[in-house]
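Colleague: I have not seen this structure before. Could you take me through it?

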Number of protein chains: 2
Amino acid sequence: MKAAVEILDSDGESALTFRALAARLATGSGAIYWHVADKNELLAAAASDVIARAMSGVVNGAQPREAIRAIALGVFDAIDAHPWVGAQLFREPWQPAMVQIFEGIGGRLLTLGVPEPAQFDCWSALVNYILGVAGQNAANARLVPSGTDRTAFLAAVAARWEQLDPAEYPFVHQVATQLREHDDREQFLAGIDLILAGIATVR
Amino acid sequence: MKAAVEILDSDGESALTFRALAARLATGSGAIYWHVADKNELLAAAASDVIARAMSGVVNGAQPREAIRAIALGVFDAIDAHPWVGAQLFREPWQPAMVQIFEGIGGRLLTLGVPEPAQFDCWSALVNYILGVAGQNAANARLVPSGTDRTAFLAAVAARWEQLDPAEYPFVHQVATQLREHDDREQFLAGIDLILAGIATVR
DNA sequence: CATAGTATTGGAACGTCGTTCCAATCATGT
DNA sequence: ACATGATTGGAACGACGTTCCAATACTATG
């Protein structure tokens, strides 16, 4: 269903209703139920579409560390471009579309030389971190409807943090300025590197 | 609003409607709007309640590493007991209830001796990981309505993974057995330790 | 104590959503 | 040509969040 992806991309998650989709397809809402069982399946199919495209672009030959970074960035960029995908992956992490990501990450852990007992933990940490950032991006996209400025939103949060009592909240107070200026993508990658550094200690 | 928390705990997220809440309070749905602006605020207030209670129980004196683990576990346990809190924290991560958690984590990074430029990244990695697991738990709780067995659900996913082609999905195929037997809480903590190990390398 | 003014309540009503249902239409094999 | 099953379009249902407002409770003042 390409039409569904178009609606989601242009007008956001809440704009995808069976009525809106039926209107765009010039049909009735009942007809859509012949092709999908319910709204969950509709969203799952749309997300699967986007993820499959994102993962197919990831290079295969690189070093395991670089490959993990590439996969993670692929997921990040796909969700950055289509925030609703983040929410969907998050709601249904066991759906088939995720298996490719799981294997992409886990497979590189094998070639990284992580001992077997630790593989599951390392894999889980990476996947949970990636899903966490995915969900955060999706949540922010919902909170900041694409009209308003993301920078303005961050500035508002930072301002609120700066007004907190520095004695009670020294860290939050201090980190507010960095919140205002940080780059989401760089920071995401820094987190991946941090976890990879942790993984290297158990190797 | 304690009644809201009771409904959420006993019957899950989707059972909290203004009508259900009004019925339990023996009043009208309109009366509730005098106390909260909308449903978001209702959920935020309920989640704030639970988080504040969870964070107040966290000990203060321990070593920074232990303190971070304690805070993370406090959040984990609170969400394990009230899955709807995970979904709510996730949807609105900038809400006031989170600031205590943010400060609890970040403040210990200061005393851990993490150099200032890296503090933001380390903090972000921990927070995103914790929120990621929080959301996952919440998603699982929604997928596995408290009646059915969680073990049975995991076994079903594991069985699906085991039927995948081992040549194409070696890792996922192999990790299926560990998925069946793993302990969520231990694994969450293992992830925290992994990130802390990574943080130790930049110290 | 009486009364004006405000805070709070209870429940009807509105519009939207996911979903169901079914008569009408289309496609295909005989 | 026509019978059978696949597919469509749109009306209808029940539940939800929210709004609205007359009715009631409370509180300060004369």
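Modeller: The answers below cover the contact between the chains, their symmetry and one residue. This is a predicted model, in which local features need pLDDT of at least 70, side-chain atom pairs count only at pLDDT 80 or more, and totals for chains, interfaces and linings use all residues. Residues are numbered from 1 along each chain as its sequence is written, and chains are lettered from A and ligands numbered from 1 in the order in which they are written.

Colleague: How many residues does the contact take from chain B and from chain A?

Modeller: The contact takes 41 residues from chain B and 41 residues from chain A; two residues are in contact if their C-beta atoms, placed from the backbone, lie within 7 Å.

Colleague: Which element gives the most to the side of chain B that touches chain A?

Modeller: That is α8(B), with 14 residues.

Colleague: Why do the copies meet through the same surface?

Modeller: They do so because 100% of the interface residues of chain B are also interface residues in chain A.

Colleague: What turn lays chain B on chain A?

Modeller: A turn of 180 degrees with a shift of 0.0 Å along the axis does this, at an RMSD of 0.0 Å (least squares on the C-alpha atoms of residues with pLDDT of at least 70 in both copies). This is the relation of a two-fold axis.

Colleague: New topic: where does Ala155(B) lie?

Modeller: Ala155(B) lies in helix α9 of chain B, residues 150-162 (helices are DSSP runs of H or I, at least four residues, numbered from the N terminus).

Note on methods. Helices (H or I, at least four residues) and strands (E, at least two) are DSSP runs, numbered from the N terminus.
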